[in-house]
Number of protein chains: 2
Amino acid sequence: MGLTKSEIFTEEQNQIANIAKAFGHPARVAILQYLFKINSCICGDLVEEIGLAQPTISQHLKELKNIGLIKGNIEGTSICYCINKDNWSKMKTIVSEFLNQDLNENINCC
Amino acid sequence: MGLTKSEIFTEEQNQIANIAKAFGHPARVAILQYLFKINSCICGDLVEEIGLAQPTISQHLKELKNIGLIKGNIEGTSICYCINKDNWSKMKTIVSEFLNQDLNENINCC
DNA sequence: TTTATTAATCGTAATATTGCAATATAATAA
DNA sequence: TTATTATATTGCAATATTACGATTAATAAA
């Protein structure tokens with residue numbers, strides 16, 4: 001069906017999955033890495049840097065913005081994108097907790 | 001197109017995206033949490049626990065197995081699934097490095 | 001005003017994902 | 001052998017995602 005049955009999962013499970021989805025495409029990973037690297041914010045450079053068409057990059061930026069990991073400020077004709085550090089931190093907390101489940105000291109399995 | 005242009009990205013970017021994809025569905029998040037919680041390994045319980053049809057769960061398990069986060073041991077008629085802890089650790093290293101990019105002390109943006 | 005420039009949006013094609021019924025497979029039990 | 005049980009696979013329908021050309025919108029420059 002292609003339709004995830006979100007209703008049957010917890011808020012937390014859906015939240016983790018949604019965050020993960022944002023990271024689930026190499027273009028979005030690349031965009032985030034570039035934004036961290038460049039520090040000051042850039043926009044259409046990403047088209048050149050990454051090598052996908054402008055509408056495609058714009059679409060990926062929208063997804064990252066929707067989930068709150070980046071923000072964009074209008075600057076003349078261009079838009080300056082940057083990491084939303086507060087939300088990045090919050091996201092890290094959520095994801096880290098999930099990743100560190102293995103530290104809960106359990107014996108082994110089959 | 002629905003076809004990701006993996007060629008234009010680095011190995012690392014694709015790797016992160018692929019890991020994230022595995023976490024990009026709440027059912028797979030739930031499966032992993034359950035496997036951690038139950039400690040000893042379980043199989044078809046997941047169908048009851050989660051509430052998706054058996055073929056659907058089986059498919060999600062396959063994806064988690066393909067990426068190496070879980071492993072399954074045959075035990076009679078049933079199959080005992082559990083976390084692949086070595087790979088989980090390796091995965092954590094990769095993901096953590098990505099998540100901790102923000103610690104690279106940069107000023108602010110726009 | 002006209003013309004660039006930049007980025008968002010629309011429309012669409014191709015492919016991927018999700019979910020399940022039906023069926024197949026494999027191992028054990030009777 | 002014939003059930004029974006547990007899981008995988010197949011096939012398919014519905015929806016989602018990826019990518020891009022064409023267009024639009026908004027600002028800046030001439």
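## Surface near DNA strand C

In this predicted model, the residues of the surface near DNA strand C divide into 11 nonpolar, 14 polar and five charged. That surface draws on 30 residues. The closest are A:Met1, A:Gly2, A:Cys43, A:Tyr81 and B:Met1. On the DNA side, sugar or phosphate accounts for 60% of the strand C atoms within 4 Å of the protein. The rest belong to bases.

Three side chains make polar approaches to strand C. A:Lys5 places a polar side-chain atom 2.6 Å from a phosphate oxygen of DNA strand C. B:His60 also reaches a phosphate oxygen of this strand, at 3.0 Å. B:Gln59 addresses a base instead: a polar atom of its side chain lies 3.5 Å from a base nitrogen of DNA strand C. Which elements give two or more residues to this surface? They are helix H4 (54–66) and strand E2 (78–83) of chain A, together with helix H4 (54–66) of chain B. H4(B) gives the most, with five residues.

## Surface near DNA strand D

DNA strand D is also surrounded by 30 residues. A:Met1, B:Met1, B:Gly2, B:Cys43 and B:Tyr81 come nearest. The surface is made up of 11 nonpolar, 14 polar and five charged residues. Of the strand D atoms within 4 Å of the protein, 60% are sugar or phosphate atoms, and the rest are base atoms.

The polar approaches again involve both chains. The side chain of B:Ser58 has an N or O atom 2.7 Å from a phosphate oxygen of DNA strand D. For A:Thr56, the distance from a side-chain N or O atom to a phosphate oxygen of DNA strand D is 3.2 Å. A:Gln59 approaches a base: an N or O atom of its side chain is 3.4 Å from a base nitrogen of DNA strand D. H4 of chain A, H4 of chain B and strand E2 (78–83) of chain B each supply at least two residues of this surface. Which element gives the most? H4(A) does, with five residues.

## The hairpin in chain B

E2(B) has a pairing partner. Strand E1 (residues 70–75) of chain B runs antiparallel to E2(B), and the two pair over six bridges. B:Lys71 stands opposite B:Cys82 of E2(B). Two residues lie between the strands of this hairpin. B:Gly76 takes a positive phi there, near 70°. Side chains in a regular strand alternate between the two faces of the sheet.

## Core and chain contacts

The largest nonpolar core holds 60 residues. Which of them touch the most other members? They are A:Phe23, A:Trp88, B:Phe23 and B:Trp88. In soluble globular proteins, nonpolar side chains tend to be buried together.

A:Trp88 has contacts in both chains. Leaving aside neighbours within four places in sequence, its partners in chain A are A:Phe23, A:Leu32, A:Phe36, A:Leu69 and A:Ile83. From chain B come B:Phe98, B:Leu99, B:Gln101 and B:Asp102.

## A:Asp102

A:Asp102 sits in the segment after helix H5 (85–99) of chain A. Is this charged residue buried or exposed? A:Asp102 counts as buried, because its relative accessible area is 16%, and the cut-off for buried is under 20%. Not counting residues up to four places away in sequence, A:Asp102 touches B:Phe36, B:Trp88, B:Ser89 and B:Lys92. One of these, B:Trp88, is also among the core residues that touch the most other members.

Definitions and conventions. Residues are numbered from 1 along each chain as its sequence is written. Chains are lettered from A and ligands numbered from 1 in the order in which they are written. This is a predicted model: local features need pLDDT of at least 70, side-chain atom pairs count only at pLDDT 80 or more; totals for chains, interfaces and linings use all residues. Side-chain values use heavy atoms; hydrogens and water are left out. A residue is near a molecule or strand if one of its heavy atoms lies within 4 Å of it. A polar contact is a pair of N or O atoms within 3.5 Å; within protein, one must be able to donate a hydrogen and the other to accept it, and residues adjacent in sequence count only if both atoms are side-chain atoms. Helices (H or I, at least four residues) and strands (E, at least two) are DSSP runs, numbered from the N terminus. Ala, Val, Leu, Ile, Met, Phe, Trp, Tyr, Cys and Pro count as nonpolar, Asp, Glu, Lys and Arg as charged, and the others, Gly among them, as polar. Two strands pair if DSSP finds at least two bridges between them. Buried means under 20% relative accessible area, exposed over 50%, partly exposed in between (1.4 Å probe, protein chains only). Contact means heavy atoms within 4.5 Å. A nonpolar core is a set of buried Ala, Val, Leu, Ile, Met, Phe, Trp, Tyr and Cys residues joined through side-chain atoms within 4.5 Å.
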